[in-house]
Amino acid sequence: MSASVIPAGEKRVLLAEPRGYCAGVDRAVETVERALKKHGAPIYVRKEIVHNRHVVDTLMEQGVIFVDETDEVPEGSLLVFSAHGVSPAVRDAADNRHLHTIDATCPLVTKVHQEAKRFARDDFDILLIGHDGHEEVEGTAGEAPDHVQVVNGPEDVDKVTVRDESKVIWLSQTTLSVDETMLTVRKLRERFPDLQDPPSDDICYATQNRQVAVKEMAPRCDLVIVVGSENSSNSVRLVEVALQAGAKASHLVDYANEIDLAWLEGVRTVGLTSGASVPEILVRGVLDLLSEHGYADVEPVKTAQETLVFSLPRELRPSRVLNLTVKPS
Ligand code: 0CN
Ligand code: SF4
């Protein structure tokens, strides 16, 4: 037996909980499914409804057409805005084409938009920590383009200039690494001691909870597999968090068949988690593959219980049944 071969009895999987769908993704995907059922194909979605290849491919097979911009949508059609939110300019463009729109923006992204509007109204300089080019950042920055500067990370802090150092606030994208964001904030505060914090956490509960679970299991893992797509910010952050928290290796995969069996050589403990946009069926696929290779022992690592559910956009809520029974007089 070679030194790197681990006896089956010693192999195990640590399965992070919570993982996978958050309340905002669940709502966004259901919004598209219900809109399709109600209005029939084709319906249009601006950008990917959530950043997951499997979700997008599945909806495309059902008749959803994903577009980059509103001008690709025929006048009068139905357009859904994705979970990541849109700027007022995008809403105006959709109105100008007389599109019927349904907004699947996560309410926790909308909350950050409201903060941006409020602090712009009070004439603050808003330092939006987030990734340039990410749809959510474009949407939030678009609420107050004259007041918002995007700060990608600690390396951007020196470039920031503000008009009045006593009126500066930081806000953030919802799906960042908590630790890296706090590092950026510390560096910003060294430059601007009066920097104000957001009224409440902008990094959402789901992003935070998935990072906490990964941090808990990573020090015990030879390998952490994160199921998620490359353009999914929160999923990519989980790989980084796993490595920073002590996992010996970590990889992001969309599907089980992307796992390179060489990754498993000499591995006793595999950690497994998934991003907030990832359907559980994809995690099951990875568990099946791991089981075929001797990792049948699965131990949950539970750090939080999630119960949040968001109601669907108004247009898709079941209509209330009115009791029209007329009582005899
Ligand atoms: O993967 P997602 O669609 O988006 P990001 O992590 O890239 O922001 O997950 C849902 C998050 C939202 C909004
Ligand atoms: Fe909403 Fe957070 Fe989910 Fe994004 S990751 S959709 S902000 S709950």
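Which strands does helix 1 lie across, and at about what angle does helix 1 run to strand 2? In this predicted model, helix 1, residues 23-39, lies across strand 2 (43-46), strand 3, strand 4 and strand 5. Its direction makes about 155° with that of strand 2.

The strands under helix 1 belong to an open sheet. Strands of a sheet pair through backbone hydrogen bonds, in either the parallel or the antiparallel sense. Here four strands are arranged in the order 3-2-4-5, and the pairing is parallel. Strand 3 (64-67) and strand 5 (100-103) are the edge strands, each pairing on one side only. From one strand to the next, the twist averages 30°.

One pair in this sheet can be followed residue by residue. Strand 4, residues 78-81, is joined to strand 5 in the parallel sense by four bridges. Within that pairing, Leu 79 has Thr 101 of strand 5 as its bridge partner. Helix 3 (residues 88-96) also lies across part of the sheet, namely strand 2, strand 4 and strand 5. The angle between helix 3 and strand 4 is about 175°.

A second open sheet has five strands in the order 10-9-11-1-12, again with parallel pairing. Its edges are strand 10 (250-253) and strand 12 (298-302), and each of these pairs on one side only. The twist in this sheet averages 25° from one strand to the next. Strand 1, residues 12-17, runs parallel to strand 12 and is joined to it by five bridges. Leu 15 is paired in this way with Pro 300 of strand 12. Helix 8, residues 233-244, packs on this sheet, where it touches strand 9 (223-227), strand 10 and strand 11 (269-274). The directions of helix 8 and strand 10 make an angle of about 165°.

The loops that connect some of these elements hold several backbone features. Between strand 1 and helix 1, the loop contains Pro 18. The peptide bond joining Glu 17 and Pro 18 is cis, with omega about 5°. At the other end of helix 1, the loop leading to strand 2 contains Pro 42. The bond from Ala 41 to Pro 42 is also cis, and its omega is near -5°. After strand 2 comes the loop to helix 2 (53-61), which is the place of Lys 47. Lys 47 has a phi near 65°, a positive value in a residue other than glycine.

What surrounds ligand 2? The residues around ligand 2 are Cys 22, Gly 24, Val 25, Cys 106, Leu 108, Val 109, Thr 174, Thr 175, Cys 204, Tyr 205 and Ala 276. Helix 1 and helix 4 (107-121) are the elements that give two or more residues to this shell. Sorted by class, the shell has eight nonpolar and three polar residues, and no charged ones. Ligand 2 sits in the largest cavity. Helix 1 therefore appears in two parts of this description, as it lies across four strands of the sheet with order 3-2-4-5 and gives residues to the shell around ligand 2.

Conventions:
Residues are numbered from 1 along each chain as its sequence is written. Chains are lettered from A and ligands numbered from 1 in the order in which they are written. This is a predicted model: local features need pLDDT of at least 70, side-chain atom pairs count only at pLDDT 80 or more; totals for chains, interfaces and linings use all residues. Side-chain values use heavy atoms; hydrogens and water are left out. Two strands pair if DSSP finds at least two bridges between them. Axes are lines fitted to C-alpha atoms, for helices over the stretch in contact, and angles run from 0 to 180 degrees between N-to-C directions. Contact means heavy atoms within 4.5 Å. A residue is near a molecule or strand if one of its heavy atoms lies within 4 Å of it. On a 1 Å grid over the protein atoms alone, a cavity is a set of points where a 1.4 Å probe fits but cannot get out, and a pocket is an open set with protein on both sides within 12 Å along at least five of seven lines; lining residues have an atom within 4 Å of a point. A molecule sits in a cavity or pocket if more than half of its atoms lie within 2 Å of its grid points. Ala, Val, Leu, Ile, Met, Phe, Trp, Tyr, Cys and Pro count as nonpolar, Asp, Glu, Lys and Arg as charged, and the others, Gly among them, as polar.
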